[in-house]
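Thanks for making time this morning. I would like to walk you through one model, going helix by helix, and I will explain the terms as they come up.

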Amino acid sequence: MKLAGRIAIITGGGSGIGHAACKLFAQEGATVIVADRNLAAAESVAKEIVAAGGKAEPFAVDVSKESDVKAMVEKTVAAHGRIDILVNNAGYGIAGTVVSTLEADWDALMAVNVKGVYLGCKHVIPVMAKQGGGAIVSTASAAANIGIHDRAAYVASKGAVAALTRAMAIDHVADGIRINAVAPGTIESPYFTKILSGPDGAELRRGLEDRQAMERLGQPVEIAQAMLWLASDDASFCTGSVMVVDGGWTARGDRKLQKKA
Ligand SMILES: NC(=O)c1ccc[n+]([C@@H]2O[C@H](COP(=O)([O-])OP(=O)(O)OC[C@H]3O[C@@H](n4cnc5c(N)ncnc54)[C@H](O)[C@@H]3O)[C@@H](O)[C@H]2O)c1
């Protein structure tokens, strides 16, 4: 087991990629704090893990609120004495160009996708530094590396997560803390299942599949596996990296030139 005895906080653990990461980390021996704004979802994931013989506890947190994040960290340390792994995964996307995006929607998205990562790290890093080390993994996106039509705020937020990952990795390397991110392509999580269940769902799905070189959507567990590697000792020489796991989407370049004959 790669994470035996480790204490891991996973935000956005109630659904999709976070849910898959909670299950995988628990299977690998970690005690998982399933942290989510949606307490019922966090409780359901924790229950599923415990029923399968793993260790998990739900925690209600809004990652954009410092008081919530502080309480999450303090309560975890009070209960378990340490925090070995933090996965900053809570986040969401909205449609819009810079012109059509409302200021309030921009601010709300940045507060979760970017400030949420800042707050999680701000409060967990001193704990990890005191105990002699730890591993942090944040969820960026393939959108950190390429422009996507009509997703200005989301693309900017994930670019910020990638940049912040590199900055923090350098600042805290001497504390023994490795700080990395994953950059997923389009993953079939409940977030996308909802979008794809609309009237134009089939056409939309074909478009999303077509843009990835593998011509399929990724599964949450395929991102969780990358998170596991980054959080485990297997990644002992890896810090400040943003690992692309996107079915070849961003490597692909011009689709028309590279499409099979
Ligand atoms: N699905 C994709 O294609 C894809 C691609 C690239 C990156 N991502 C990123 O992966 C992460 C997870 O996405 P997903 O597709 O699994 O989404 P999801 O909607 O299935 O799950 C997100 C979870 O985060 C929680 N959450 C949202 N805001 C929160 C907040 N303020 N505080 C605490 N919890 C909050 C939600 O309640 C939900 O349980 C996000 O950061 C997303 O941007 C997703």
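Let me begin with helix α9, whose buried residues pack against α1, β4 (85-88), β5 (134-139), β6 (177-184) and β7 (242-245). Before I go on, please keep in mind that this is a predicted model, in which local features need pLDDT of at least 70 and side-chain atom pairs count only at pLDDT 80 or more, while totals for chains, interfaces and linings use all residues. Residues are numbered from 1 along each chain as its sequence is written, and side-chain values use heavy atoms, with hydrogens and water left out.

A few words on vocabulary. Helices (H or I, at least four residues) and strands (E, at least two) are DSSP runs, numbered from the N terminus. Buried means under 20% relative accessible area, exposed means over 50%, and partly exposed is in between, with a 1.4 Å probe and protein chains only. When I say contact, I mean heavy atoms within 4.5 Å.

So which residues of α9 are buried? They are Pro220, Ile223, Ala224, Ala226, Met227, Leu228, Leu230 and Ala231. As for the length of α9, its twelve residues should span 16 Å at 1.5 Å a residue, and the end C-alpha atoms are indeed 16 Å apart, which agrees; the expected span here is 1.5 Å times one less than the number of residues.

Within α9, which covers residues 220-231, I would pick out Met227, a residue that counts as buried because its relative accessibility is 0%. Leaving out residues up to four places away in sequence, Met227 touches Ile17, Ala21, Phe25, Val87, Asn89, Val137, Thr139 and Val182. The last of these, Val182, is 45 residues from Met227 along the chain, and yet their C-alpha atoms are separated by 6.9 Å.

Phe25, another residue on that list, lies in helix α1 and likewise counts as buried, at 0% relative accessibility. Setting aside residues up to four places away in sequence, its contacts include Leu3, Ala8, Ile10, Val32 and Ile85, and also Ala224, Met227, Leu228 and Ala231.

That brings me to how the two helices meet. At what angle do the axes of α1 and α9 cross? The axes of α1 (residues 16-27) and α9 come within 8 Å and cross at roughly 55 degrees, which makes α1 oblique to α9. Axes here are lines fitted to C-alpha atoms, for helices over the stretch in contact, and angles run from 0 to 180 degrees between N-to-C directions; angles under 35 degrees count as roughly parallel, over 145 as roughly antiparallel, 65 to 115 as roughly perpendicular, and the rest as oblique. On the α1 side, the residues that meet α9 are Gly16, Ile17, Ala20, Ala21, Leu24 and Phe25, and among their partners in α9 are Val221, Gln225 and Met227. By class, the residues of this contact divide into twelve nonpolar, two polar and no charged, where Ala, Val, Leu, Ile, Met, Phe, Trp, Tyr, Cys and Pro count as nonpolar, Asp, Glu, Lys and Arg as charged, and the others, Gly among them, as polar.

Now to α5, which has two helix partners to discuss. Helix α3 (residues 66-80) packs against α5 (residues 115-131) at an angle of about 30 degrees, with the axes 9 Å apart, and the two are therefore roughly parallel. Glu66, Val69, Lys70, Val73 and Val77 of α3 take part, together with residues of α5 that include Leu119, His123 and Val127. The residues of this contact divide into six nonpolar, two polar and three charged.

For α4 (residues 103-113) and α5, the axes come within 3 Å and cross at roughly 30 degrees, so this pair is also roughly parallel. Here Met110, Ala111, Val112 and Asn113 in α4 meet Lys115, Gly116 and Val117 in α5.

Finally, two loop residues deserve a look. Most residues other than glycine have a negative phi. Asp150, however, found in the loop between β5 and α6 (152-171), has a positive phi near 65 degrees, and Glu215, in the loop between α8 (201-211) and α9, has a positive phi near 55 degrees. Are these residues buried, exposed or partly exposed? Asp150 is partly exposed, with a relative accessible area of 28%, and Glu215 counts as partly exposed at 32% relative accessibility.
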